[in-house]
Structures are given as structure tokens and as C-alpha cells.
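Here is a structure to look through together. Have the chain open and turn it as you read.

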Amino acid sequence: MPSIKPTIFVIVLALIGVTAMAFVAKRDLSGSHASGRRLMLLDSQRLPLEEISRITLKRSGDPALVFERTGSGWVQVEPFAHPMDAFSIRQLAQQALQLEIIDQLSKDELPESLSSSALALDPPSTTVTYEWSGGMMTLNLGKSFLAGRAYLQIAGDDAIYVVNQSLHERAVTSDPKEWRERAIFLDVGVESDRIERNDGGSPLVLARDRKQWKMIEPVQTRLDPAARDALLQEFGRAHVGGFILDQPTDLSRFGLSDPIASIAVMTTRLREGDGDAEDSADAPKGQIEVQRLLIGSPVSVGSQDRFGLIEGRPGVVRVPASVLASLFRKPENLVAATASGVVPADVKTIVIRKGESELRLVRDLEKWRAPEHENVEVSAEAVNELLQQLTALQAPAVEFKPYPRELEVATITFHGFDGKALDTVRIAQEKDTGRWALENGDNVLRVFPPGLKLSLTADDFGLK
């Protein structure tokens, strides 16, 4: 016998739905509908869409969800804080403005089988409250039935409206988790200040000094601008694959009590009135915002996706393998693969030391001369080729290794127009393979094949 009760319940609901349809169908839908004009429940005067600053959604049996508008979008503030997708929250109000009145009933007209309670209006199954400066409105959403219709009341108004289901579909049946912001990192870009990554090996730290980014760990060196920009774009594109569990009591189930990896972005957010933080060394620095993603266990056997936790958002999420691959690149792939970061136009003098010999080449407008060789003009083509090899040619391989002093062949120092040294490139060559290793003091070897031809002697520049 226990199995009969659910069946009876379903039958009762079906009868209520059929009764509702029949009752509404019998009513005279004349007037504006007969003339083909749409009669809307609300307009922008009663519900000022652009002024709404707070929306509360309460479903029967569930805690209230409270969303507030901030300067940068919408956030959920109750039952816990979480950034929201601005379009999805806006739709909660936009669809209220799209409610069309199909019929309007009064309690006195309702048959007993269609009481307010039977229509899920007393108490309401769902309420949506909109608030703005100087006003508020609550909509009580009742039962939906066939033909895309549903019951609704405006709080404080005894009238019962039959409307289209657009708002009901979002407010009553849609999963609010799908309205959440899926981006892992918000407002991350070249104006961020620092990236820290730990994956159990050597930590990776990238930092910005004014407009210039560089690697701090595992070595201090230059970053490849294209690789840096691509990485920052990946931060902006990184999205969770789904929301697993809100406010978990045991993070160890997901491997997040002791994460296997983490990655964080630090960005200085200027306070109002702070001005440009880069105007001077004494400029106000604002507040440092830290966005950190923790990585835990695989979501299932054989899966490359992992559980994750974004600090400040109390929910376990699914982090796709594609996101992990894009954010956890090898440090070597981020390093500038050129031997030097000097700009060729800034070079006034080139000093080449090979063994006991030293050759100086000095720029003279568009020409190059050798002062120690009676200041004769040397081939500008040969000098410019050397400059391009050291400042523009990308090494096929980059290795984090100490510079092999015992294999050193030569050093090349660049001096600026003020006479100060700009950079020194040390050049080593393996005797057995002929491979070249170029390094400029950062213990990062830019490795070139043996076919690389470098001009390192006076003879190479046509000098005796």
C-alpha cells in the first residue's frame, strides 16, 4: 500500500492542473488581448531595472539567496559570498519586465480546488524581492501549468495574475549555481603585479616592476613578452568546469586540506582618490588583492580534471585539465629566448673579448668603426647581424643551468651612449657537439645549434 500514496499525489496535482487550465480557458480573455495588444504586468516605472541594487530570491525550504550590485557587477552576499554572472542576475529583473498578463483573477472567483494554497501562492513557493533607492517590490510566484502559464501575485495586491513562465523558469526551476561567475581570476592582466605558483617543485614567481615583467623564481631573468601576454590571457580565460559542493566540512575528501598545487595573482586595487600608483615612488599603492586557486585530487579515476578551491569562495569546484595545462606552463617556456634584452638602437659601443684579444666597435651615425684599428670603418652589415643574433634571434632551447665557464669562448659587452655598460653576453661552446650556450648573468642558457655563426674576431669584421 505505501506505493499507492505517491500515485494519488500525482493524480491530485494533475487534476488541479487540468482544473486550472479549464478555468482559465473558460474566462473571457477580451479587451486588450482580443485586440492583439500585449498587456504587461510591470513597466520601468514600477520596476526601474537600472536602479535595482539588491535582489532576494527565496524558495520554499531553501535559504534565501541575496544578490547585491557592486561597482564591478553583482555578488551573492547570503548565505555566503560569491561573485555572480552579471547577465544571469540581471535576467531575474529583466524577465519580470517581460511578464505578460494572460488573465487576472480575484480570490472570490476561484473555485475551491483553486485556492491560493493550491496555487502555491499562500504561502508562495518562491518569492523574488527587488530593492532600489527609495523603493522595493516583491513578486510571489505560484504554480506553473501547461501552455506556458503560471500564477503570480504582487505582494500587497490581492489580485492573482496568470502570466507567461519566463520568470518562473529562472526563479523557480533554474539552478542558481549556474548564475555564478565561472571565471577563476577576475580582472587579471598586464596591470596585475605578481604571480606565484607552487606545484611541489621549484616555485615560480613572476613580478611586475612598473611596466616591465620579469621572473624572480626559480631564476631571476627576463620574460618573453609574447609568452607573458599569452599566460595573462589564459588567466583571464580560466573558468571552472562546474560547482561540486558548497561549504564542505571536510576538504580532505577532495585533496584540498593539503593541496598538491596552488597559483595566485596579486593586483593592486587603487582606492578612490589615490591617483596613479605609478606616478612616483611615493605614490599611494592602494590595496593588494590576492586571488588564489588551490588544486586537489583528480575528480575521478583516470580523469585529468581536478578538484579546486578558490580562496574567498566557499565551494569546491571542478578545474578542467585544459585550464591546468594553460596555467601550469614550464618556467622555461616563459623565459625570453634571446641572449640579451638590449635594444640595438641604444648601443653605442660593442666590446668583444676572446682569449687575450679585445675588439671595440663604435657607432658613428650609420657607420661602425674600430678605434684600435686606426678608426677604420667596418662592415655595418656584419655588426648589425651580430646585434640581431644577440638581441632578436630566439634560441631553440632554454635551460636553467649554471654557466659553463670552462667552455667559455668569448664575451660581448654593450655600452650605451653615456658610456655605461648595458649588458654582457657570455658565450660558451661544447667541444664535442659544437652547440652554443649564450648567457647574460642569469644562469639561463640560451642554447643554439652548432650551425650558428658568430663574428667574434677582427678577421670576421675584415680587420687585420
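The notes below cover a sheet, its hairpins, the nonpolar cores and a few ring contacts.

## The open sheet

Keep in mind that this is a predicted model. A good place to begin is the open sheet, which is built from nine strands in the order 22-21-20-19-24-25-26-27-23, with antiparallel pairing. At the edges sit strand 22 (376-378) and strand 23 (397-400), each of them paired on one side only. On average, neighbouring strands here are turned by 25° against each other, if you ignore direction.

As a general reminder, strands of a sheet pair through backbone hydrogen bonds, in either a parallel or an antiparallel way.

## Walking from strand 24 to strand 27

Let's take one stretch of that order step by step. Strand 24 (residues 408-415) pairs with strand 25 (residues 421-429) through seven bridges, in the antiparallel sense. If you want a landmark, find T413, which stands opposite T424 in strand 25. These two strands make a hairpin with five residues between them, and G419 in the turn has a positive phi of about 90°.

What joins strand 25 to the next strand along, strand 26? Four bridges do, and the two strands run antiparallel. R426 is placed opposite E439 in strand 26. This hairpin has six residues between its strands, and here G434 takes a positive phi, near 80°.

Strand 26 (residues 436-439) is in turn joined to strand 27 (residues 444-448) by three bridges, again in an antiparallel arrangement. The landmark for this pairing is A437, opposite V447 in strand 27.

## Two nonpolar cores

Which residues have the most contacts inside the largest nonpolar core? They are I350 and L361, in a core of 63 residues. Helix 6 (residues 380-391) gives this core its largest share, five residues. Setting aside neighbours within four places in sequence, I350 is in contact with L359, R360, L361, W368, V383, L387, I412, T413 and F414. You've met T413 already: it is the residue opposite T424.

Another core lies apart from this one; it has 32 residues, including L65, M84, A96 and Y130. In soluble globular proteins generally, nonpolar side chains tend to be buried together.

## Rings meeting rings

The structure has four aromatic pairs. In one of them, the ring centres of F145 and Y151 are 5.0 Å apart and the planes lie at 35°, so this pair counts as tilted. Are these two residues buried or exposed? F145 has a relative accessibility of 9% and counts as buried, and Y151, at 1%, counts as buried too.

Another pair is F254 with F307: the centres are 5.0 Å apart, but the planes are at 80°, so the pair is edge-to-face. It links distant parts of the chain, 53 residues apart: F254 belongs to the loop between strand 14 (242-246) and strand 15 (261-269), while F307 is in strand 17 (residues 306-310). F254 is buried, with a relative accessible area of 5%, and F307 also counts as buried, at 11% relative accessibility.

## A charge over a ring

One last contact to look up involves a charged side chain. R180 lies over the face of F243, at 5.2 Å from the ring centre.

Key. Residues are numbered from 1 along each chain as its sequence is written. This is a predicted model: local features need pLDDT of at least 70, side-chain atom pairs count only at pLDDT 80 or more; totals for chains, interfaces and linings use all residues. Side-chain values use heavy atoms; hydrogens and water are left out. Two strands pair if DSSP finds at least two bridges between them. Axes are lines fitted to C-alpha atoms, for helices over the stretch in contact, and angles run from 0 to 180 degrees between N-to-C directions. A nonpolar core is a set of buried Ala, Val, Leu, Ile, Met, Phe, Trp, Tyr and Cys residues joined through side-chain atoms within 4.5 Å. Buried means under 20% relative accessible area, exposed over 50%, partly exposed in between (1.4 Å probe, protein chains only). Contact means heavy atoms within 4.5 Å. Rings of Phe, Tyr and Trp (its six-membered ring) pair if their centres lie within 6.5 Å; planes under 30 degrees apart count as stacked, over 60 as edge-to-face and the rest as tilted. A charge sits over a ring if NZ of Lys or CZ of Arg is within 6 Å of the ring centre and within 35 degrees of the ring normal.
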